[in-house]
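The following exercises are meant to be worked through with the sequence and the coordinates at hand. Try each task before reading its solution.

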Amino acid sequence: MSEFLKILENEVQIAALVFLALVYAGRLVWLFRFKNRKDRTFAAGSGGAGAGYSLMNIAMPGAMESTRKRPGFYAQFVIFHAGVAAAIAGTFIIPYAPGVFEVKGIVLLFQAVIAAAFVVGLLRLVRRLTDPVLREVSSPDDYFSLVLLIVWFAAGALAVPNRPEKGEWPLILYFGLTAFFLAYVPFSKICHYLYYPFTRFYLGRSLGHRGALPPSPGKRATAGTAKERA
Amino acid sequence: MPHIEIEGLRIEVNEEGFLVHPDEWTEETARLLAKAEENLDELTAEHWAVVNFIRGYYLEKNLAPMVRKMCQATGFPLMKIYDLFPSGPAKGACKVAGLPKPDGCV
Amino acid sequence: MKRRKAGPSGVVEAPLDVRTQALAKEEERPSVKDGRLRTYEPGDNAARFLDLLGRRVSRSLAVSLTACVHCGLCAESCHYFLARPDDPTMTPVWKADQIRKIFKRHVDWTGRIAPWWVKAGTVRNDEDLNRLKNIVFGTCSACRRCTYNCPMGVDTGLLVRFTRGLLTELGIVPEGVFNVSRDQWETGNQMAVTEQDYLETLEWMRDEVRTELGTNAVDIPVDKKGCDVLYTINPREIKFDPRSIAHAAKIFHVAGESWTLPKWGWDQTNFGLFSGDDKLGAYVARNVYEAAERLRVKRIVISECGHGYRSTRWEGYTWAGYDQKLPTESVVVTLKRYLETGRIAVEPSRNAVAVTFHDSCNIARSGDLVEEPRDVLRRVCADFREMFPNRRENFCCTGGGGLLSMAEYRPLRLEVAKIKADQLRATGAMLVCTMCHNCIDGLADVIKHYRLPMRVVQVMELVSNALVVPAESVK
């Protein structure tokens with residue numbers, strides 16, 4: 001392994017991570033400068049229960065009509081983010097626990113997940129380029145972030161076998177892109193994973209306090225017979 | 001400008017069926033509005049009692065009368081007003097009397 | 001909080017006295033900051049708008065503005081887009097982006113340095129503001145259906161209200177909104193009903209109920225101290241259809257309730273919710289809370305109204321900065337209690353016609369009442385049926401958000417009501433029951449426009465129809 005790759009896998013990543021952490025901290029400070037007004041009403045439910053339910057939203061596709069009606073879309077979401085998790089894990093495993101990727105089965109598993117995410121990424125890019133609503137609202141950041149991830153998945157799928165002696169370019173691309181996007185993420189929509197807990201928490205707490213969430217057990221919005229007698 | 005065409009005559013109304021030019025109201029307009037907007041084929045003396053009161057009140061005070069005043073003046077209970085004008089005093093009777101639409105979330 | 005290029009308006013060093021500074025800080029006026037007075041050229045509404053935006057954003061709104069990932073899942077939850085699937089400007093994401101892009105440009109980070117990269121934008125003049133006004137007042141009923149369908153939890157309904165509030169503070173509002181707000185500020189109720197008209201209508205209804213029941217024991221008390229219940233109503237009930245007051249009086253009498261209406265502070269509706277004006281919201285809600293305190297009641301009961309319920313039961317306390325002291329409930333909950341404890345008896349066969357229930361957005365999505373009206377309806381109707389979807393996933397009546405007072409947006413509203421019409425038609429019911437006065441008119445418009453063979457009723461009317469009046473209450 002070349003000296004360049006060694007530094008890229010280690011020091012550069014750490015530098016990028018530190019940068020990311022600092023910017024995130026700054027972002028949170030910025031966010032907390034905005035104030036919410038205190039709710040002064042008697043509760044009709046539990047803010048905590050509502051917040052908890054709301055935070056679990058990504059794991060409950062049946063909870064929202066939008067994901068219930070589009071299970072394929074939801075499945076794509078799961079695959080894509082599983083790919084993200086795998087690819088991020090890879091950037092830690094390769095420099096610090098390379099033994100893990102000496103197990104062929106694990107390498108294949110990672111490659112499969114990341115490759116699947118790559119395919120989903122392409123599908124989503126096509127969608128973003130062809131769906132009239134998305135074309136109307138998407139910004140350059142939306143397209144760029146997606147393309148960045150697609151290329152990163154490709155690099156990751158090729159890099160995980162971790163064979164620098166067979167050619168370093170997949171690893172260089174993989175770690176290079178990782179360092180880049182760690183620096184880019186806080187200024188882009190990819191940062192949404194930082195905001196997710198906040199939006200869901202505030203929404204869930206407010207609606208939970210009012211008893212609107214979680215929905216009463218057994219009373220689904222599409223349930224009920226057509227004719228109900230007393 | 002939206003309008004209703006009825007019996008060969010054209011009446012200018014706003015989006016909700018209220019007369020755009022209240023001063024252009026005639027008894028014929030009332031009859032046509034009642035037909036077009038309230039599905040009333042004819043206006044009886046009781047209908048006219050209500051309509052005339054509303055029109056007179058509006059011309060004097062430039063306001064739509066409260067339904068209570070309508071009932072007092074005509075001697076009809078509230079249910080009767082709803083029987084005569086299915087859309088109710090505001091959207092039904094006032095409309096037929098050629099008033100502009102009342103304000104508020106109505 | 002934000003930096004704006006100084007246009008014709010600018011900043012002036014003015015030795016402001018301590019009291020003025022304190023007042024300005026308390027009221028969060030953007031024109032005073034750090035002892036300096038920001039001046040605006042007359043008509044420079046865009047500058048004012050941007051300053052207000054920076055000042056008024058709360059934390060929940062800030063995350064809603066930053067968290068959107070443009071996934072487009074909200075599109076199909078909105079009846080505007082479902083009725084106009086070829087129009088991307090009808091989607092919640094597009095509508096929210098109209099205020100989001102301004103936030104990105106003037107308050108957020110990336111948008112200030114490279115606005116084109118994140119599609120940040122701005123408002124430059126009254127034309128832009130007017131365009132924004134038409135979007136947030138005219139293409140959205142703030143029903144929050146999109147909020148419930150967003151995987152990130154972005155609250156587009158609240159963003160729309162927020163934007164409306166900024167425009168309202170500048171006076172850039174539809175005429176109907178201006179008129180009704182003014183009426184509510186000046187007279188304490190949305191329809192400029194005078195105190196005399198209010199009192200006389202109550203007396204009139206009292207007399208009608210006395211005649212109907214054949215007893216003078218029925219009363220509609222006003223400003224009676226020490227009762228259990230303070231009953232608050234919708235001005236529509238005084239001005240246009242007082243039958244619901246008669247129904248309430250009859251039911252309260254049979255239930256043996258100790259109740260009163262207040263002389264001032266009887267309007268439970270609240271145009272501040274629709275216009276986005278928290279100050280109007282606070283003023284109106286506070287009238288009710290203070291009436292309850294003044295009359296030393298034990299409970300505040302709100303007649304059937306969606307936005308009134310949400311405003312008086314929930315938002316009003318926060319707007320007014322007033323800690324809730326008394327239980328505040330919808331009259332439907334009161335009716336439910338009467339039925340369950342046997343304080344009133346009903347004969348459901350009197351409501352033989354098929355009834356379906358329309359959940360109001362402000363009650364089901366922004367409030368807590370979903371099963372309660374159903375519990376009541378199942379007891380007082382012989383044939384109750386659900387519409388689909390229902391409960392928190394129901395579609396807006398299309399008249400929400402104050403749209404009924406904005407005549408210029410009616411054509412679009414009726415066009416997109418096709419979604420609602422289809423939903424109603426599919427139930428096969430003759431009556432659609434709702435807990436909201438706005439929904440009554442919204443649904444009535446849909447029914448008339450799409451020629452549905454249906455009529456709208458409220459829960460109170462159905463209970464009153466089915467009410468069994470025991471002999472002792474008419475002695």
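**Exercise 1. Describe the contact between chain B and chain C, giving the residues, the elements and the residue classes on the side of chain B.**

Solution. In this predicted model, the contact draws 15 residues from chain B and 24 residues from chain C. On the side of chain B, the elements that give two or more residues are helix H3 (67-74) and helix H5 (88-96), and the largest share, 3 residues, comes from H5(B). Sorting that side of chain B by class then gives 7 nonpolar, 3 polar and 5 charged residues.

**Exercise 2. Determine which pair of chains has the most contacts, and describe the side of chain C in that pair.**

Solution. Begin with the pairs: 2 pairs of chains touch, and the most contacts are between chains A and C. Chain A and chain B, by comparison, do not touch, and their nearest C-alpha atoms are 26 Å apart. Next, take the contact of chains A and C itself, to which chain C contributes 57 residues and chain A 52 residues. On the side of chain C, two or more residues come from each of helix H3 (59-66), helix H5 (92-106), helix H16 (306-320), helix H19 (371-380) and strand E10 (384-385). Of these, H3(C) gives the most, with 6 residues. By class, this side of chain C holds 25 nonpolar, 15 polar and 17 charged residues.

**Exercise 3. Decide whether the radius of gyration of chain C agrees with that of a compact globule, and summarise how the chain is built.**

Solution. A compact globule of 475 residues would have a radius of gyration near 23 Å, and chain C has 24 Å, so the value agrees. Along the principal axes, the C-alpha atoms of chain C fill a box of roughly 75 × 55 × 30 Å. The chain contains 23 helices and 13 strands, and 59% of its 475 residues count as buried. Finally, among the contacts in chain C with a separation of 6 or more, 79% are between residues 24 or more positions apart.

**Exercise 4. Locate the domains of chain C and work out how domain 2 meets domain 3.**

Solution. The domain assignment gives domain 1 (48-173), domain 2 (186-340) and domain 3 (343-468) of chain C. The C-alpha centres of domain 2 and domain 3 of chain C lie 21 Å apart, and 28 residues of domain 2 are in contact with 29 residues of domain 3. On the side of domain 2, at least two residues are supplied by each of helix H13 (243-254), helix H14 (271-275), H16 and helix H17 (331-341) of chain C. H17(C) gives the most to this side, with 7 residues, and the residues of the side divide into 15 nonpolar, 7 polar and 6 charged.

**Exercise 5. Examine helix H23 of chain C: is it mostly covered or mostly open, and how do its residues take part in the largest nonpolar core?**

Solution. Helix H23 (residues 459-466) of chain C is mostly covered, since 6 of its 8 residues are buried; these are Val459(C), Met460(C), Leu462(C), Val463(C), Ser464(C) and Ala466(C). The largest nonpolar core has 187 residues, of which Leu377(C), Val459(C) and Val463(C) touch the most other members. Leaving out residues up to four places away in sequence, Val463(C) touches Ile251(C), Leu335(C), Val346(C), Val376(C) and Val380(C). A second, separate core of 26 residues includes Ile11(B), Ala34(B), Val51(B) and Ala93(B).

**Exercise 6. Classify His449(C) as buried, partly exposed or exposed, and place it within the chain.**

Solution. His449(C) lies in helix H22 (residues 437-449) of chain C. Because 16 other C-beta atoms lie within 10 Å, His449(C) is partly exposed; a buried residue would need 20 or more, and an exposed one 12 or fewer. Apart from its neighbours within four places in sequence, His449(C) is in contact with Leu414(C) and Ala417(C). The C-alpha atoms of His449(C) and Leu335(C), 114 residues apart along the chain, are separated by 33 Å.

**Exercise 7. Identify where in chain A the pLDDT stays under 50, and say how that stretch should be read.**

Solution. Chain A averages a pLDDT of 92, and 94% of the residues score at least 70. Among its elements, helix H1 (residues 3-32) has the lowest mean pLDDT (94) and helix H5 (residues 104-130) the highest (97). Over residues 223-230 of chain A, pLDDT stays under 50, and the model has 11 contacts beyond four places in sequence for this stretch. Where pLDDT is low, the predicted coordinates should not be read in detail.

Methods. Residues are numbered from 1 along each chain as its sequence is written. Chains are lettered from A and ligands numbered from 1 in the order in which they are written. This is a predicted model: local features need pLDDT of at least 70, side-chain atom pairs count only at pLDDT 80 or more; totals for chains, interfaces and linings use all residues. Two residues are in contact if their C-beta atoms, placed from the backbone, lie within 7 Å. Helices (H or I, at least four residues) and strands (E, at least two) are DSSP runs, numbered from the N terminus. Ala, Val, Leu, Ile, Met, Phe, Trp, Tyr, Cys and Pro count as nonpolar, Asp, Glu, Lys and Arg as charged, and the others, Gly among them, as polar. The radius of gyration is taken over C-alpha atoms; the globule rule is 2.2 Å times the number of residues to the power 0.38. Domain bounds come from an automatic or database domain assignment. pLDDT is the predictor's confidence in each residue, from 0 to 100. A nonpolar core is a set of buried Ala, Val, Leu, Ile, Met, Phe, Trp, Tyr and Cys residues joined through C-beta atoms within 7 Å.
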